[in-house]
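Got the viewer open? Let's take a walk through this one, stop by stop, with something to select at each.

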Amino acid sequence: MRRGLIGLTLAAACGGGAGDTAGDAPMITGTIQPEGEDVSGEFEGYRAFAYDQGGAFIAYISSNPRATCDKVTDYLTVGADPYDPVDVLVAGKCDFFIYLSSGYDGGLSHSADKDDEELDTVGPGVSLGCAMGEGEWVYERRDGDDKDYYWSGRWWQGAPVTYSFDFSGGDGSEVVMDIAMQEYTGAFIYEEFANDPASGDVEGHVTAEWCTGLAGTGLFGG
């Protein structure tokens with residue numbers, strides 16, 4: 001996944017890997033259901049990683065209990081060789097990426113509603129990616145880009161539009177994140193005329209490990 005990230009605002013590319021979700025209980029759970037579709041993505045956040053510096057903040061929540069700071073860093077790094085994220089993504093599950101370019105000073109409390117008229121300054125830096133339906137992880141070329149790892153089923157990508165966040169910590173320590181999301185904008189991005197909003201309660205109390213590797217992914221500080 002070298003051409004961006006699972007972010008609508010970050011020129012994304014979608015990779016994948018199978019994972020074993022046996023073990024610890026997930027910190028955040030829920031289901032994302034695109035409207036009018038018979039597929040959905042389960043959110044089971046087992047591992048989380050975060051980094052902040054100079055007011056900027058980055059975090060990643062993985063549905064794979066085998067995820068580590070190093071593996072997530074390798075998966076996200078822009079411009080690196082293709083990386084098979086077998087220990088980062090899980091078939092049928094969703095992962096979560098957050099990036100704030102400024103304003104993080106050891107905490108963040110923010111909420112938004114899809115019917116709000118006020119511009120949401122946090123939402124554009126938040127992205128979900130879900131490997132939905134039947135499929136497998138394949139190494140191939142798409143849309144004229146270099147070869148990379150993709151989910152052969154239906155890949156939905158989006159962002160919350162009705163949600164609340166309460167984050168605290170960082171600066172070398174763990175980051176505690178209380179997250180609740182209900183409605184989403186998004187699409188099956190590899191399908192023609194894609195416009196697939198979704199709904200579903202996703203919530204939890206997440207403790208993110210301090211991960212300095214995220215600073216070098218090419219996604220931080222831009």
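**Stop one: colour by confidence**

This is a predicted model, with a chain average pLDDT of 87 and 89% of the residues scoring at least 70. Among the strands and helices, start with β12 (residues 198-210), where confidence is highest, at 98. The low end is strand β8 (residues 137-140), with a mean of 89. Now select residues 1-23: pLDDT is below 50 there, although the stretch has 108 contacts in the model beyond near neighbours in sequence. Where pLDDT is low, predicted coordinates should not be read in detail.

**Stop two: strand β1 and its partners**

Select residues 28-34, which make up strand β1, and show the side chains. Which ones point to the buried face? I28, G30, I32 and P34 do, while T29, T31 and Q33 point to the other face and are not buried.

Next, add residues 41-45, strand β2. β1 and β2 pair in the antiparallel sense, over five bridges. To check the register, pick I32: its bridge partner in β2 is G41. The two strands form a hairpin with six residues between them, and in the turn you'll find G36 with a positive phi of about 75 degrees.

β1 also pairs with β12. That pairing is antiparallel too, again over five bridges. Click on P34 and look across to A198, its bridge partner in β12.

**Stop three: the nonpolar cores**

Keep I32 selected and add F57, F96 and M177. In the largest nonpolar core, which has 35 residues, these four touch the most other members. Strand β11 (residues 175-188) gives the most to this core, with six residues.

Zoom in on M177 and ask what touches it. Leaving out residues up to four places away in sequence, M177 touches A48, F57, A59, I61, I98, D166, F167, G204, H205, V206 and A208. Apart from the largest core lies another, of 23 residues; F49, Y51, Y60 and C211 are among them. As a general rule, nonpolar side chains in soluble globular proteins tend to be buried together.

**Stop four: the disulfides**

C211 leads straight to the last stop. How many disulfides does the structure hold? There are two.

Select C69 and C211 for one of them: their sulfur atoms sit 2.1 Å apart. The link is right-handed, with 80 degrees about the S-S bond. C69 lies in helix α1 (residues 69-76) and C211 in the segment after β12, so this pair ties together parts that are 142 residues apart in sequence. Are these two cysteines buried or exposed? Both are buried.

Now select C94 and C130, another disulfide, with sulfur atoms 2.1 Å apart. Its link is right-handed as well, at 110 degrees about the S-S bond. Here C94 belongs to strand β5 (residues 94-100) and C130 to strand β7 (residues 126-132), so the pair joins parts 36 residues apart in sequence. C94 counts as buried because its relative accessibility is 0%, and C130 counts as buried because its value is also 0%.

Before you close the viewer, show both pairs together. Counting the bonded cysteines along the chain, the pattern is 1-4, 2-3.

Methods: Residues are numbered from 1 along each chain as its sequence is written. Side-chain values use heavy atoms; hydrogens and water are left out. A nonpolar core is a set of buried Ala, Val, Leu, Ile, Met, Phe, Trp, Tyr and Cys residues joined through side-chain atoms within 4.5 Å. Buried means under 20% relative accessible area, exposed over 50%, partly exposed in between (1.4 Å probe, protein chains only). Helices (H or I, at least four residues) and strands (E, at least two) are DSSP runs, numbered from the N terminus. Contact means heavy atoms within 4.5 Å. Two strands pair if DSSP finds at least two bridges between them. pLDDT is the predictor's confidence in each residue, from 0 to 100. A disulfide is a pair of cysteine sulfur atoms within 2.5 Å.
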